[in-house]
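Work through the exercises below with the sequence and the structure open. Each task is followed by a solution in steps.

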Amino acid sequence: MNLGLENRVALVAAASKGLGFGVARALAADGARVSICSRTAKDVEAAGQALGDETGAEVMAMACDVTDPESINNWVTATVDRWGHIDALLVNAGGPPAGFIREISEAQWEAAFQLTLMSSIRMINAALPHMSRGSAILTVTSSSIREPIERLALSTVMRSGVMGLVKTLADELAGEGIRVNNLIPGRIDTDRVRQLDGITASRLGITPEEARERAMANIPLGRLGSIDDFGAAGAFLLSPAAAYITGASLRVDGGQMRSV
Ligand code: NAP
């Protein structure tokens, strides 16, 4: 299927590695012009170089911390200065820390609010003036918005807010022909998931490999997802091929979630 991504301009946040990198790679492989960001300049520049070398696509890479409004505006402005407009936006960021609710401080709630919810609002607000009919926005949340996960309260609470944002915005922007959707990763094999497996392992007194095996036992397809599995779903929802899909939430979880 031709996704119709050729020459389209895509902003992909938090993309020096992991889920963001997977989506950026899938978009670039289909001919999109891709602007990626993450906080660490040398990492995001190396990722941008690798994307360009591998796909031959035009790639921009910039340091940007999505918890900082000015940093977001600089990234969006630099992209629009180069390519004139935006067709696609992947809203993404690092994940908040794990912990039981009674262990979480007010400062941690506030930081998670800025990292997960406010960053989403700010990226969308910065990109929207440069988007027009046929453009698409895609957020990244977590299976915890449907089935809360032990010790991931910060993620669950803030990402539920992101889901409310997606459904509301999908209605508000439908008349302008701009689509808004959400992707739910189950367990995609990234540093973040390996880090969470390490925390689970030390809490249960098992090895990280055992923690990983136990998690995989609950995935009907029998393996963790790859960033390419995730990237393919992301590129589709951000592409013109998904022209009649808005307000939707797609699970990329190998069948892991039990809710219907
Ligand atoms: P990852 O492998 O740790 O990658 C995180 C990426 O985000 C890196 O490129 C990092 O680069 C960047 N980043 C972190 N904080 C940032 C910030 N404030 N501003 C800009 N960039 C930032 O994580 P991942 O697995 O791809 O996860 C991405 C998101 O999906 C996270 O919120 C995670 O909690 C969520 N999630 C993932 C899974 C999964 O299966 N992997 C499941 C559920 C939810 P720098 O360090 O250079 O900034």
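**Exercise 1: the nonpolar cores**

Task: Find which residues touch the most other members of the largest nonpolar core, and which elements supply this core.

Solution.
Step 1. A nonpolar core is a set of buried Ala, Val, Leu, Ile, Met, Phe, Trp, Tyr and Cys residues joined through side-chain atoms within 4.5 Å. Buried means under 20% relative accessible area, exposed over 50%, and partly exposed in between (1.4 Å probe, protein chains only).
Step 2. The largest core has 35 residues, and those that touch the most other members are Val12, Leu27, Val34, Ile36, Phe230 and Leu238.
Step 3. Two or more residues each come from β1 (9-12), α1, β2, α2 (41-55), β4 (88-91), β5 (136-140) and α8 (227-237). Helices (H or I, at least four residues) and strands (E, at least two) are DSSP runs, numbered from the N terminus.
Step 4. Helix α1 gives the largest share of this core, 7 residues.
Step 5. Another core, of 32 residues, lies apart from it; Ala13, Met123, Ala127 and Val180 are among its members.

The model is predicted: local features need pLDDT of at least 70 and side-chain atom pairs pLDDT 80 or more, while totals for chains, interfaces and linings use all residues. Residues are numbered from 1 along each chain as its sequence is written, and side-chain values use heavy atoms, with hydrogens and water left out.

**Exercise 2: Ser35**

Task: Decide whether Ser35 is buried or exposed, and find which side chain it joins in a polar contact.

Solution.
Step 1. Ser35 sits in strand β2 (residues 33-38).
Step 2. Its relative accessible area is 0%, so Ser35 is buried.
Step 3. Contact means heavy atoms within 4.5 Å. Without its neighbours within four places in sequence, Ser35 has contacts with Ala10, Leu11, Val12, Met60, Trp75, Thr79 and Trp83.
Step 4. The side chains of Ser35 and Trp75 are joined by a polar contact of 3.0 Å. Such a contact is a pair of N or O atoms within 3.5 Å; within protein, one must be able to donate a hydrogen and the other to accept it, and residues adjacent in sequence count only if both atoms are side-chain atoms.

**Exercise 3: Asp253**

Task: Locate Asp253 and list what it touches.

Solution.
Step 1. Asp253 is in the segment after β7 (249-252).
Step 2. Asp253 counts as buried because its relative accessible area is 10%.
Step 3. Not counting residues up to four places away in sequence, Asp253 touches Gly186 and Ile219.
Step 4. A polar atom of the Asp253 side chain lies 2.9 Å from the backbone nitrogen of Gly255.

**Exercise 4: the ligand**

Task: State how many residues surround the ligand and which are the closest.

Solution.
Step 1. The ligand is surrounded by 29 residues (a heavy atom within 4 Å), and the closest are Ser16, Leu19, Arg39, Ile188 and Thr190.
Step 2. A polar side-chain atom of Arg39 lies 2.7 Å from a ligand oxygen atom. Backbone N or O atoms also approach ligand oxygen atoms: one of Gly94 at 3.2 Å and one of Gly186 at 3.4 Å.
Step 3. On its own the ligand has 890 Å² of accessible area, of which the protein covers 92% (Shrake-Rupley method, 1.4 Å probe; for residues, only the protein chains shown count as cover).
Step 4. The elements that give two or more residues to the shell are α1 (18-29) and α6 (191-204), and α6 has the largest share, 3 residues.
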